[in-house]
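Please look through the structure below and work through the questions that follow.

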Amino acid sequence: MNSCTPLAIYWLPLIPIALFLISRNYHHCAETHPKGCRKLGLPHNKTNLHDEFDPKYSKGVPENHTDKQGLASWRIKALFAYPIKSCAGVELDVAEVVPTGFAHDRQFCFAEYITPKSCGAGDEPSQQPHWTARTLRDGELCKMALIRPEIWVPDPTANDYSTELEEVKSHGVMIIHYPRVPGTGIRSLPAKLGMALGLISKDLFFRVPLSPPEDTKSIYPSTSVKIWKDFPLAYDYALHLPPSLHHFLNPAGTRGPLTLFRVNPAHHREIFRNAPPKEQLGFQAVTGFADAYPLHLLNIASVQDVAGKCKSDTPKLTIRRFRANIIVQGPAAYEEDHWKRVRICSSRSGAEKGGVEVHTVCRTIRCRLPNVDPDTGVRHPVEPDRTLKKWRRVDRGDLTNAALGMQAVPAVPEFRVWVGDEVEILETGEHCYIKMLKPGEEVEGV
């Protein structure tokens, strides 16, 4: 054979072997059951929002109206929990409500270590080196939307259930899926080839305990994390983060260190501002890593109205962009703007007799986070933020920003809600959003 024969000829017989090794090296079973557990939520290919763009939801019906099946037209359309702040949600048919909101909602967040250019011992905490929670508001971290958590909780009916299992001691497991980033250069070719041929998954995953087991808390340092003006202590889960996740979130290596934090239940953030006081509720309103209040309620007709005003730029503006916990169908657009108290009623076994009251305490003030498409992780340059600010600067407490949806505080600390539950309005009135104040500031005009 001519000595100039391309080397590729010698490699051709090795391609099948290489493909076999690639598939073995990168193979993983993403659906492996954590022992003694069951997965929460709807299957990945099912959603109660399958018809969210149907114009029928935009019309609105009377509160006492019923449909052909005799069900109340004002009812819960869909339920979502967001285990990791700013990452993909878990859609539910039934949600457990706890003092911080939905169980498992915003109990985790990614945070970046920030070192201010100048700091001194006497400076405010925010002027000293600290961890700060990161969200989709940060343009470079829009792809957090593609990180998909699964929640697995202990199931005493499972064949392999045992109280001695680590998965049970930690009150369950969260499996975190994220896109595989093959990298660049010749070393990335096997992974790219395997992904193209379907031999390896396009996603990677890792597991973390839902709560640090008592006998392992020493390996999860309790660390202060900045979220808005608060610095709650949270458990640092850095030891679980694989290098590939760091590469996915920070491929250029230009950001500060990133890690994952879990809410420390002993250090929940107390909620004041528009929330009912402790004397009225009988307990202090708290939250985990949610921005402001335990629950977020959204009316599908309101989102359809916004979507219609910006459809030339965003033809399919999904309600999932707004990351609500409770999505309601039935009311006309923006009817929820004046709700003060609602009752959620269910005829299901285990539901509270007479329903459960929820205080809709203020409107949700919107930032540009909904500009991020949850399916692609790509931020639209202006929409729907531009449309919202044109049409929805309606709250006298913050006329600079738009409002859409309602923040809520449950009237009792624990209960359940189901998709299909009736929503009944108990009280309406005026709302005035109270901004988050800096130390020493006072509320004006309220």
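**Pocket, sheet and core**

About 890 Å³ of space lies in the largest pocket of this predicted model, a volume being the space filled by probe spheres set on grid points joined across faces, edges and corners. In this predicted model, local features need pLDDT of at least 70 and side-chain atom pairs count only at pLDDT 80 or more, while totals for chains, interfaces and linings use all residues. Residues are numbered from 1 along each chain as its sequence is written, and side-chain values use heavy atoms, with hydrogens and water left out.

Student: Which element gives the most to the lining of the largest pocket?

Tutor: A pocket is an open set of points on a 1 Å grid over the protein atoms alone where a 1.4 Å probe fits, with protein on both sides within 12 Å along at least five of seven lines, and lining residues have an atom within 4 Å of a point. The elements giving two or more residues to this lining are β1, β3 (90–92), β4 (94–98) and β8, strands being DSSP runs (E, at least two residues) numbered from the N terminus. With four residues, the one that gives the most is β4.

Student: Which strands are the edge strands of the open sheet β1-β8-β9-β10?

Tutor: Four strands form this open sheet in the order β1-β8-β9-β10, with antiparallel pairing, where two strands pair if DSSP finds at least two bridges between them. The strands that pair on one side only are β1 (37–39) and β10.

Student: Over how many bridges do β9 and β10 pair?

Tutor: Within this pairing, Val-173 stands opposite Pro-209 in β10. The sense of the pairing between β9 and β10 is antiparallel, and the number of bridges is seven.
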